[in-house]
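Thanks for making time this morning. I would like to walk through one structure with you, going element by element, and I will take the ligand towards the end.

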Amino acid sequence: MRRYVLIGGGVASMAALEAIRHADPGGEVLLIGDEAYGYYSRPGLAYYLTGELPEDFLFPMKNQEFHNLNARRLRAKAVRIHPDRHTVQLQDGRLVPYDRLLMAVGAEAQMSKVPGIELDGVIKLDSLDDARNILQKARRGRRAVVVGGGITALEIVEGLVARRVHTQYFLRGDRYWTNVLDETEAHIVEERLREEGVKIHYRTELEAILGTGGRVTGVRTKDGRTIPCDLVGIAIGIRPRLGLAQTAGLQVERGVTVSETMQTSARDVFAAGDIAQVYDPHTGKSTLDSLWGPAREQGYAAGLNMAGITRAYYKPVAFNVTRLANLTTTIIGTVGRGEDSDVTGIVRGDSETWRQLPDAIAAQSGFDINRLRLLVGKDTLLGAIVMGDQTLSRPLQHLITQGADITPIRQQLLRPGAALVDLLADFWTAWKDKVAVPA
Ligand SMILES: Cc1cc2nc3c(=O)[nH]c(=O)nc-3n(C[C@H](O)[C@H](O)[C@H](O)COP(=O)(O)OP(=O)(O)OC[C@H]3O[C@@H](n4cnc5c(N)ncnc54)[C@H](O)[C@@H]3O)c2cc1C
């Protein structure tokens, strides 16, 4: 009987467990995770903060469903992997043997190094504990400053606003999420934040967090202003937890490098989810994501390959349906390029793929909340952002990820003032019948 050990306990591990059970019903599976709550939805934390989702709803799997998967769960921290001896060492000294190992330990928020970062009242949003902490602190804190970028910064801002905390948001540059959104999209988001009562400070950088008696009392900016507040939200990026892989001698770059079968450089060791930097044979690049859907798919592919029944390939698809300032937004494929000075590396709900834009022409329509931007390549669509009306979100996901040949409508798409939505809707109807896309 084969022994599978999965370190993590998040979505990538759970998907691997499902795949292993599918391919090897008799194998012995042990899931090692260090969080008290087990498996829960991290994207759901934003909705929990705003009060739209009760805590119970964060847990996607009932105890009975887990029980049916016939696996053991151990609450423990793995501190060392010995690929040569095929063992995992736990913090309490126990050694766990494996035949196949999955590393899916995720990523963690990077904290700023500014003076005062240790004060009570500094918050981040990485885990259920963090979300509970924010809710508890928002009860007594009335004023907050948030720094950082991407989805998490806005989630903290909106969670605080929903809890009636007066919130100010610092951006280092002239606009929000510069390497993913274009100016119009950023403007839409910023305008909506202002409507919610958020004060945005552009070209503003945190110099220090101020406090008395160990508690936050305000912040000082690099241009010498002091702004009083009780809470400081930090969302400047995340970093994959690479310690275990590094001490085990695995090949590591920005994440643990894996092939398209999720295999690491060590025999019988696989990695998936936020920790994995996945090779894409089509682009020759290997990229990091922090996306729920891809983490799930990577975990599933890893599980099948660990069971060795079929050879499963993961095809990178950077896709996220999210909410930016209360506006549903879908991001697919490559949509931007360059750096964003508000964050280091990637943030939650983010992908390196989104900013690897090769030469492409943008076609756009809608300058209000219903906006569509397409990145048009030579004969395929390379990426898209769909804001507001989501009718085209799923069609575009298929057209982009399956590399549909858009030559028949390319010139029309690029015509100034083109009716993009109608053109795409008609094209999609014809295309999906031809390639038989599942409903
Ligand atoms: C606030 C927030 C908002 C997000 N928003 C979005 C979104 O809008 N869209 C989207 O697609 N994605 C979003 N994400 C990202 C998404 O949740 C992640 O990509 C996904 O959870 C990654 O799954 P994973 O299994 O790789 O890691 P995780 O879910 O992070 O699970 C890893 C687990 O491993 C545990 N662990 C770490 N080290 C050890 C160890 N040594 N021993 C044992 N256990 C260990 C950790 O404690 C953790 O429980 C968001 C995430 C957060 C936190």
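The buried residues of helix α4 are covered by a set of elements that includes α2 (45–50), β9, α5 (150–162) and β16. The helix itself spans residues 128–140, and the buried positions in it are Leu128, Asp130, Ala131, Ile134, Leu135, Lys137 and Ala138. As general background for reading that list, an α-helix has 3.6 residues a turn, so residues three or four places apart point the same way. I should say at this point that we are looking at a predicted model, so please take every distance and area that follows as computed from that model.

Two of the covering elements, β9 and β16, bring us to the sheet. It is an open sheet of five strands, in the order β9-β16-β10-β11-β12, and the pairing is parallel. Which strands stand at its edges? They are β9 (122–123) and β12 (199–201), and because each has a single partner strand, one side of each is left without a neighbour in the sheet. For β9 that partner is β16, residues 231–235, and the two parallel strands are joined by two bridges. Looking at the pairing residue by residue, isoleucine 123 has glycine 233 in β16 as its bridge partner.

A further parallel pair is formed by β1, residues 3–7, and β2, with five bridges between them. Within this pair, tyrosine 4 stands opposite valine 29 in β2. Strand β2 is mostly covered, in that five of its six residues are buried, and we will meet this strand again at the ligand.

Let me now take a few single residues, beginning with glutamine 277, which sits in strand β20, residues 276–280. Is this glutamine buried or exposed? With a relative accessibility of 1%, glutamine 277 counts as buried, the cut-off being under 20%. Its side chain makes a polar contact of 2.9 Å with the side chain of serine 286. If we set aside neighbours within four places in sequence, the residues in contact with glutamine 277 are Glu253, Arg254, Gly255, Val256, Thr257, Val258, Ser286, Thr287 and Leu288.

Glutamine 89, in strand β5 (residues 87–90), is partly exposed, with a relative accessible area of 28%. Beyond four places in sequence, glutamine 89 touches Lys77, Ala78, Val79, Arg80, His82, Arg94 and Leu95. Of these, lysine 77 is twelve residues away in sequence, and the C-alpha to C-alpha distance between the two is 8.7 Å.

Alanine 104 belongs to the loop between β7 (100–103) and β8 (107–109), and at 10% relative accessibility this alanine counts as buried. Outside the window of four places in sequence, its contacts are Ile7, Gly8, Ala12, Ser13, Ala272 and Ile275.

Those of you who look at backbone torsions may want to turn to the loop between β22 and β23 (327–333), where alanine 325 is placed. Most residues other than glycine have a negative phi. Alanine 325, however, has a positive phi, near 50 degrees, and asparagine 326, found in that loop as well, has a positive phi near 70 degrees. As to cover, alanine 325 counts as buried at 0% relative accessibility, whereas asparagine 326 is partly exposed, with a relative accessible area of 42%.

That leaves the ligand. How many residues surround it? There are 32, and the closest are Asp34, Glu35, Arg42, Asp274 and Trp292. By character, this shell divides into 14 nonpolar, nine polar and nine charged residues. The elements that each supply at least two residues of the shell are α1 (11–23), β2 (28–33), α8 (292–307) and β22 (319–324).

Turning to individual atoms, a polar side-chain atom of glutamate 35 lies 2.5 Å from an oxygen atom of the ligand. From the backbone, a polar atom of tryptophan 292 is 2.8 Å from a ligand oxygen, and an N or O atom of the leucine 291 backbone lies 3.1 Å from an oxygen atom of the ligand. On its own the ligand has 1000 Å² of accessible area, and the protein covers 96% of that.

I will stop there, and I am happy to go back to any of these regions on the screen.

Notes:
Residues are numbered from 1 along each chain as its sequence is written. This is a predicted model: local features need pLDDT of at least 70, side-chain atom pairs count only at pLDDT 80 or more; totals for chains, interfaces and linings use all residues. Side-chain values use heavy atoms; hydrogens and water are left out. A residue is near a molecule or strand if one of its heavy atoms lies within 4 Å of it. A polar contact is a pair of N or O atoms within 3.5 Å; within protein, one must be able to donate a hydrogen and the other to accept it, and residues adjacent in sequence count only if both atoms are side-chain atoms. Accessible areas come from the Shrake-Rupley method with a 1.4 Å probe; for residues, only the protein chains shown count as cover. Helices (H or I, at least four residues) and strands (E, at least two) are DSSP runs, numbered from the N terminus. Ala, Val, Leu, Ile, Met, Phe, Trp, Tyr, Cys and Pro count as nonpolar, Asp, Glu, Lys and Arg as charged, and the others, Gly among them, as polar. Buried means under 20% relative accessible area, exposed over 50%, partly exposed in between (1.4 Å probe, protein chains only). Contact means heavy atoms within 4.5 Å. Two strands pair if DSSP finds at least two bridges between them.
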